[in-house]
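This report describes one structure, section by section. Please keep the sequence and the 3D view open while reading.

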Amino acid sequence: MIDVQVRNVSKCYNLPARGDTSPRLFGFLPRRRTFWALRNVSFEIRRGETLGIVGPNGSGKTTLIRLLSGITAPKTGEIEINGRLASLVEVGAGFQPDLTGRENIFLNGAILGMPYREIARKLPAIVDFAEMNEFLDVPVKQYSSGMFVRLGFAIAAHLSADILLLDEVLAVGDVAFQARCFERIEALRREGKTVLLVSHDLAAVERVCSRALLLRAGRIVLEGDPSEVIEAYHTASFARSTQEAQGPVVTRGLTFDTADGGPVRTGEPLHCCLSYEARETLVDVVVRVSLIWPSGYLCTELSSGQGLRLERGLGQVEFDCPMLTMQRGIYSADVCIERRGNILEWRPRFGLLRVGAGRIIQGDFYLAHSTRARSFSLEASG
Amino acid sequence: MNSIVKESYVHTSPGERHRPRKVIRPVRPLFGSVPGDLRLLAGYFGLFRAMTMTRLKLRYRQSLLGWLWAVLQPLALMLVYVAVFSRVAGYNASPSPYSLFVMAGLLPWSFCSTATTTAAAGMLSHRTLMAKVYFPREIVPLSYVAAALFDFLIAFVLLLAMILFCGLPLSPQAIFAIPIMVIVTVIIAALCLLLSAIQVRIRDINVGLPLVLQILMFTTPVVYPGTAVPEEFRAVYWANPLAILVEDFRLAVLDGAAPNADGLLYCALVGGVFFLLAYSVFKRLEAKIVDEM
């Protein structure tokens, strides 16, 4: 059963020609240049499948979502949709700042195509999900941005659609709220809903999706297993930044594995190996490998400390962690080699650390710990 | 908490409901899709209602006089026209006081002008929303028309109160105001659809519209009786359905005269054709609206 069928879809936008921003006079129509946001894209989404779409900014992800939800029409091609489709492109887009939360729930629900009675029935669940009972009758303009976003997602999450389009909606709210969003998506999947997820959060795509597409410059470059697609996306992103550097030392490769060569997991030892080529023998060198969250923030780093000596020629720097405490997910790694404060080599997004589920934990980090239970029985104390 | 959440979507298990099938193609057929479009629009009635309510709620929120404004505006406008025109010879041809005469003309007219001005500008003020979510776009201009119609109703109650206050009889023929206003609404809705779709691309409409409305007002019997129109212009003058409707409205409410059936039929026909045309043009332009904004 196929829920969404996209056949040879292309979409172009007319942009003003470069440098031509002057207002129009009669008869002098602006010169336009054509920008192809999508070219000949074909794919399908089967019923009950969760498809992820990844790709760099400007690769056509948002255009694709807009086409599927009917916001704009394609230039060529055809899209067939079987079922009620709801899209959560940006939560809270339809909020009226002067209306109260309750009024906005009804307005926004109606915008998303929910009948009045259905919204009224779901109101308690929505309010509960957004955790905002006491602010229900306060104008939305007085909400904190977090409350705003929570309410928006809560409304959208209670839509009764067959097909859900999610565009960057997971990047909102605090950690607890994100966890609930994941739960909600999981629940939708279990119900057999078809989900299309567009996100820069690669870990989320890998975790939630059953299949993934890689878009680049408006074309589908790769389609398949999420982890393969993400790997390819990363590799391709690095390829752009591997132009030959002029410094005295050049990094050649970065690998992560466990001591026994198995997959990297939370709670297992981690072995990191950086290979380099030095044009001269370097002393007093510091080598750092920074591990970065999918959101772009620095998570933690491996550092060699002062006074490392790199011999001329090919070599390796190895890092050993007795236990990896980072939570499962996909982290990118920056490499920096410096000598007495001077940066010799800096390679952003040089490698990819994929941490699998080992010790299942909640939160961001695993803390090494032991547990024991002690009982104070009454007889012993008396 | 979870139990509540789950309860609320238990009924939506797949296969239980009819799944609509939708095909999106580059260009829509010009007329064939109108019935389907109207059916989809009917499915979004809740949004139409919610948007109209939002407009009505927002308009007077955080204002001191609040809903009084809906009454004060036509009243103030009436006073201005009375002050200016009541002394001009030939204008007071109606048996009723000039203030009532002007009021009865102003009501349908200010509905027309408020609806068109707000609807034409309205599309752009929903830009962010329309770029994010799909809903039938005609709901935006139509909700402005509905909000203007609501203001009209309030002012209409005021007019009836004024008639009774002046000690004039309220004829049963006044009931003809309803079909007249229905036709006015259809024509204005069509105009709003057309203007709002084009305005997205050609912003001149927003600037030029007040001027055009001003001219239109004086080519419609709003502040003067229709009988004051010179003989040689009459054929052209009465070709404008709005002129007929405004005149008929006043005659029905103030003088208790039933409107001319031929004139009403003509207006209904013009209105219906105009609406179908405007609607299908709107739906054809609909998918491009977001790209143009």
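The sections below go from chain A as a whole to its domains, one of its sheets, one residue, and the contact with chain B.

## Chain A overall

The model is predicted. Chain A contains eight helices and 17 strands. It has 382 residues, of which 40% count as buried.

Contacts in chain A often link parts that are far apart in the sequence: among those between residues at least 6 apart, 70% join residues at least 24 apart.

## Two domains

The domain assignment splits chain A into domain 1 (2-18 + 30-236) and domain 2 (245-355). Taken over C-alpha atoms, the centres of domain 1 and domain 2 of chain A are 36 Å apart. Where these domains touch, domain 1 of chain A contributes six residues and domain 2 of chain A contributes four residues.

On the domain 1 side of this contact, two or more residues come from helix 6 (202-208) and from helix 7 (226-240) of chain A. Helix 6 of chain A gives the most to that side, with three residues. By class, the domain 1 side consists of three nonpolar, one polar and two charged residues.

## A sheet of three strands

Strands of a sheet pair through backbone hydrogen bonds, in either a parallel or an antiparallel way. In chain A, one open sheet has three strands in the order 10-11-15, and the pairing is antiparallel. Strand 10 (249-257) and strand 15 (313-321) of chain A are the edge strands, each pairing on one side only. From one strand to the next, the twist averages 20°.

Which strand of chain A pairs with strand 15 over nine bridges? The partner is strand 11 (residues 270-278) of chain A, and the two pair in the antiparallel sense. One residue pair can be looked up in the 3D view: A:Glu277 has A:Leu314, in strand 15 of chain A, as its bridge partner.

## A closer look at A:Gln5

A:Gln5 is part of strand 1 (residues 2-16) of chain A. Is A:Gln5 buried, partly exposed or exposed? A residue is buried with 20 or more other C-beta atoms within 10 Å of its own, and exposed with 12 or fewer. A:Gln5 has 16 C-beta neighbours inside 10 Å, so it counts as partly exposed.

Leaving aside residues up to four places away in sequence, A:Gln5 touches A:Glu44 and A:Glu80. A:Gly58 is 53 residues from A:Gln5 in sequence, and their C-alpha atoms are 23 Å apart in space.

## The contact between chain A and chain B

How many residues does each chain bring to the contact? Chain A brings 44 residues and chain B brings 34 residues. On the side of chain A, at least two residues each come from helix 1 (61-69), strand 4 (76-82), helix 2 (101-111) and helix 3 (116-130). Helix 3 of chain A gives the most to this side, with seven residues. The residues on the side of chain A that touches chain B divide into 20 nonpolar, 13 polar and eleven charged.

Strand pairing also takes place between the chains. Strand 4 of chain A and strand 1 (residues 21-24) of chain B run antiparallel and are joined by four bridges. A:Glu80, which A:Gln5 touches, has B:Val23 in strand 1 of chain B as its bridge partner.

Technical notes: Residues are numbered from 1 along each chain as its sequence is written. Chains are lettered from A and ligands numbered from 1 in the order in which they are written. This is a predicted model: local features need pLDDT of at least 70, side-chain atom pairs count only at pLDDT 80 or more; totals for chains, interfaces and linings use all residues. Two residues are in contact if their C-beta atoms, placed from the backbone, lie within 7 Å. Ala, Val, Leu, Ile, Met, Phe, Trp, Tyr, Cys and Pro count as nonpolar, Asp, Glu, Lys and Arg as charged, and the others, Gly among them, as polar. Two strands pair if DSSP finds at least two bridges between them. Domain bounds come from an automatic or database domain assignment. Axes are lines fitted to C-alpha atoms, for helices over the stretch in contact, and angles run from 0 to 180 degrees between N-to-C directions.
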